Amino acid sequence: MDHNTAYTEVVAKNLSLIVPYRNRDEHLNIFIPYMNKYLNNINYSINIIEQIDNKPFNRAKLLNIGFDLTHKKHDYFCFHDIDMLPECDNQIYSYTEYPTHLATYVEQFNWGLAYGEYFGGVTLIDKNSFIKVNGFSNDYWGWGAEDDDFLKRCKNSNLQIYRRLGKYKSLYHKPNGDTSGGIVSADTLKNRELFRNATTETYKLNGLSNLQYSVECEQKIDNKTTLYKVKI
Ligand SMILES: [Mn+2]
């Protein structure tokens, strides 16, 4: 071995795949075996973060919790919607030092992006970058805009942002907040306003730094997968 090779460069990086979850048994039963097979040559764990309280679903806060619960044993993180199944080479899940968007070629968006600046669905990020942006906002209750907020955080922190060509087939579910018959829900409107008003100052106060939750139950699903039931 070349003695100038830094030890850290030859040790494989460890990925924490974090999945926000509630009431999608039928997707979970497909997603877990699919990903276990798909990620075969990657060092990974799958962490399902299930919101078990009665508050509106808060995707971003669940992702923060997944990071908080797993960051000590992992080098990089993938925030992964449960209804997206990758169909391309799994090297798109290899280590990154930058915020990197993977859900770029998605069946449910006619094999493209939801919109030009779309940064949701599946994203990859290294530990330092995620800490630098103070994680996600904890304030996006209900559907929408938490992923736009996350992109804004990354940009405002002057991080380089990457995309990898990820091809994803979609599992069907009923339309979300702003797509059911063209009616935009009150939650979604509120989230969009929150996003418009978000600044570098609000990022510093809201995210990993003020995260509060409780784990009610931790359950091993298989030797790679853990389900955390949380109240937020
Ligand atoms: Mn979806």
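**Contacts, cores and metal site in the predicted model**

Apart from residues up to four places away in sequence, Arg59 touches Pro20, Asp81, Gly120, Gly121, Glu146 and Asp147. In this predicted model, Arg59 has its place in helix α3, and its relative accessible area of 11% puts it below the 20% limit, so Arg59 counts as buried.

The largest nonpolar core comprises 31 residues, of which Leu15, Leu17, Met35, Ile48, Tyr93, Val122 and Tyr168 touch the most other members. At least two residues of this core come from each of β1 (15–21), α2 (25–38), β2 (44–51), β3 (76–80), β4 (84–86), β5 (100–106) and β6 (122–126), and α2 gives the most, with five residues. As a general background to such an arrangement, nonpolar side chains in soluble globular proteins tend to be buried together. Ile48 may serve as an example from the core: when residues up to four places away in sequence are not counted, Ile48 touches Val19, Tyr21, Leu28 and Ile32, and also Thr225, Thr226, Leu227 and Tyr228. A second core, separate from the largest one, has 22 residues, among them Ile49, Ala60, Leu62 and Tyr228.

A manganese ion is coordinated by Asp83, through OD, and by His173, through NE2, at 2.1 to 2.3 Å. Asp83 belongs to the loop between β3 and β4, whereas His173 belongs to the loop between β7 (162–170) and α6 (186–197), so the two residues tie together parts that are 90 residues apart in sequence. Both Asp83 and His173 are buried.

The structure holds 16 aromatic pairs. In one of these, the ring centres of Phe67 and Phe77 are 4.6 Å apart and the ring planes lie at 55°, so the pair is classed as tilted. Because Phe67 lies in helix α3 (residues 59–70) and Phe77 in strand β3, this pair ties together parts that are 10 residues apart in sequence. Phe67 is buried, with a relative accessible area of 3%, and Phe77, at 0% relative accessibility, also counts as buried. A further pair is formed by Phe67 and Phe130, whose ring centres are likewise 4.6 Å apart and whose planes lie at 50°, so that this pair too is tilted. Here distant parts of the chain are linked, since Phe67 in helix α3 and Phe130 in helix α4 (residues 127–132) are 63 residues apart, and Phe130, like Phe67, is buried. Ring pairs link Phe67, Phe77 and Phe130 with Phe79, Phe119, Phe136 and Phe150 into a cluster.

Leu208, which is found in the loop between α7 (200–205) and β8 (214–220), is in contact with several residues of this cluster. Leaving aside neighbours within four places in sequence, the contacts of Leu208 are with Asn64, Phe67, Phe130, Ile131, Asn134, Gly135 and Phe136. The C-alpha atoms of Leu208 and Phe67 are separated by 8.9 Å, although the two residues are 141 residues apart along the chain. Leu208 itself is partly exposed, with a relative accessible area of 21%.

Two lysines lie over aromatic rings: Lys13 lies over the face of Tyr95, at 4.8 Å from the ring centre, and Lys152 lies over the face of Phe195, at 4.7 Å from the ring centre.

With regard to cysteines, the structure holds zero disulfides. The sulfur of Cys78 has its closest cysteine sulfur in Cys88, at 11 Å, which is too far for a bond. Cys88 is accordingly in no disulfide, the nearest cysteine sulfur being that of Cys78. Cys78 is buried, with a relative accessible area of 0%.

Backbone geometry was also examined at two asparagines. Asn110, in the loop between β5 and β6, has a phi near 55°, a positive value in a residue other than glycine, and at 72% relative accessibility Asn110 counts as exposed. Asn158 is found in the loop between α5 (146–156) and β7, and its phi, near 60°, is again a positive value in a residue other than glycine; at 69% relative accessibility, Asn158 also counts as exposed.

Terms used
Residues are numbered from 1 along each chain as its sequence is written. This is a predicted model: local features need pLDDT of at least 70, side-chain atom pairs count only at pLDDT 80 or more; totals for chains, interfaces and linings use all residues. Side-chain values use heavy atoms; hydrogens and water are left out. A nonpolar core is a set of buried Ala, Val, Leu, Ile, Met, Phe, Trp, Tyr and Cys residues joined through side-chain atoms within 4.5 Å. Buried means under 20% relative accessible area, exposed over 50%, partly exposed in between (1.4 Å probe, protein chains only). Helices (H or I, at least four residues) and strands (E, at least two) are DSSP runs, numbered from the N terminus. Contact means heavy atoms within 4.5 Å. Donors are N, O and S atoms within 2.8 Å of the metal (3.2 Å for Na, K and Ca); water is not among the atoms, so sites may look incomplete. Rings of Phe, Tyr and Trp (its six-membered ring) pair if their centres lie within 6.5 Å; planes under 30 degrees apart count as stacked, over 60 as edge-to-face and the rest as tilted. A charge sits over a ring if NZ of Lys or CZ of Arg is within 6 Å of the ring centre and within 35 degrees of the ring normal. A disulfide is a pair of cysteine sulfur atoms within 2.5 Å.
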